[in-house]
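I set out to record what can be read from one model, beginning with a single side chain and ending with the chain as a whole. My entries follow in the order in which I looked things up.

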Amino acid sequence: MAKLAPSILSADFSRLADQIALIELGGADYVHMDVMDGAFVPNITFGGPVVKSVVGKTGLPFDIHLMIEHPEQRIPDFVTPQTEFIVVHQEACTHLHRVIQQIKDLGVKAGVALNPATPVSSLEYVLSDLDLVLVMSVNPGFGGQKFIPSAMDKIRLLDRIRREKDLHFVIEIDGGVNLKNAADIKAAGCDILVAGSAVFGADDIPARVRDFQAVLG
């Protein structure tokens, strides 16, 4: 069974705790938090204070996606009792192995994201250290973009590598995920699907989460 991580990038921030309660009511597995700095990506979203403001307001674990330059300077800001994953971008880390170990030393699972043009081979020497690989199926920085089909090839390749090498990282996808492509994404070997506007844009958010879970179950 694949899991669903609705992205609060598409939530109503004036009612953030209530919006997260709705995805929890529907049966979501994670709260995905897209942190953008206006440098690594064009937009600015939020930082550690917003993440910490919803600690204790939900029972869901946090999946923190840092789309920021020099993430090693900010990683401690996102460590909370509910943070399960902190994901950094391969493209943003000069010393990727060191950053992965930094995350793990803080007691959090470590993930690395790959932009659409970044090959899986760039992670060859750190895959055994990773808990999660995030495949970007859009160029990071904006919600509501169209799914890039080549992301499916990356998922299949990562799934084959982990089976052949007996590795235990999970595969996540972020960007353009919806009810029409969710089943194919799961079938390719993806474990966690991030969906933003496809969840929070629904009139009935808990029902939309349940629709996703019916497809992913």
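**Entry 1: Ser122.** I began with the side chain of Ser122 and found that it reaches the backbone oxygen of Pro119 at 2.8 Å. I note at the outset that the model is a predicted one. I then placed Ser122 in the loop that runs between strand S5 (109-114) and strand S6 (132-136). Is Ser122 buried or exposed, or does it fall in between? I read a relative accessibility of 28%, so Ser122 counts as partly exposed. Setting aside residues up to four places away in sequence, I recorded that Ser122 touches Gln90 and Leu114. I also looked up Glu91: 31 residues separate it from Ser122 in sequence, while the C-alpha to C-alpha distance is 9.6 Å.

**Entry 2: Lys154.** Glu91 came up again when I turned to Lys154, a residue of helix H4 (residues 151-165). Which side chain of opposite charge is nearest to Lys154, and how far away is it? I found Glu91 at 6.6 Å; Lys154 is buried yet has no salt bridge. What I did find for the side chain of Lys154 is a polar atom 2.8 Å from the backbone oxygen of Asn115. Apart from neighbours within four places in sequence, the contacts of Lys154 include Leu114, Asn115, Pro116, Ala117 and Thr118. Val120 and Val135 are also among them. I note that Leu114 is touched by Ser122 and is in contact with Lys154.

**Entry 3: Thr58.** Next I located Thr58 in the loop between helix H2 (48-53) and strand S3 (62-67). Its relative accessibility is 7%, under the 20% cut-off, and therefore I entered Thr58 as buried. I listed two polar partners for its side chain: the side chain of Glu24, at 2.8 Å, and the backbone nitrogen of Leu60, at 3.1 Å. Glu24 also appears in the contact list of Thr58, together with Ile20 and Gln82, once neighbours within four places in sequence are left aside.

**Entry 4: the chain.** Finally I looked up the overall figures, starting with a secondary structure of seven helices and eight strands. The radius of gyration is 16 Å, close to the 17 Å given by the globule rule for 217 residues, so the chain is as compact as a globular protein of that length. I read the span of the C-alpha trace along its principal axes as about 45 × 35 × 30 Å. Of the 217 residues, 53% are buried. Among contacts with a separation of 6 or more, 64% join residues 24 or more positions apart. I closed with the exposed area, about 9,400 Å², of which carbon and sulfur atoms supply 50%.

Notes:
Residues numbered from 1 in each chain as written. Predicted model: local features only at pLDDT ≥ 70, side-chain atom pairs only at ≥ 80, totals over all residues. Heavy atoms only, no water. Helix = DSSP H or I, 4+ residues; strand = E, 2+ residues; numbered from the N terminus. Buried < 20%, exposed > 50% of the residue type's maximum accessible area, 1.4 Å probe, protein only. Contact = heavy atoms within 4.5 Å. Polar contact = N/O pair within 3.5 Å; in protein donor to acceptor, adjacent residues only side chain to side chain. Lys, Arg positive; Asp, Glu negative; His and termini not counted. Salt bridge = Lys/Arg side-chain N within 4 Å of Asp/Glu carboxyl O. Rg over C-alpha atoms; globule rule 2.2 N^0.38 Å. Areas by Shrake-Rupley, 256 points an atom, 1.4 Å probe, with all protein chains shown as cover.
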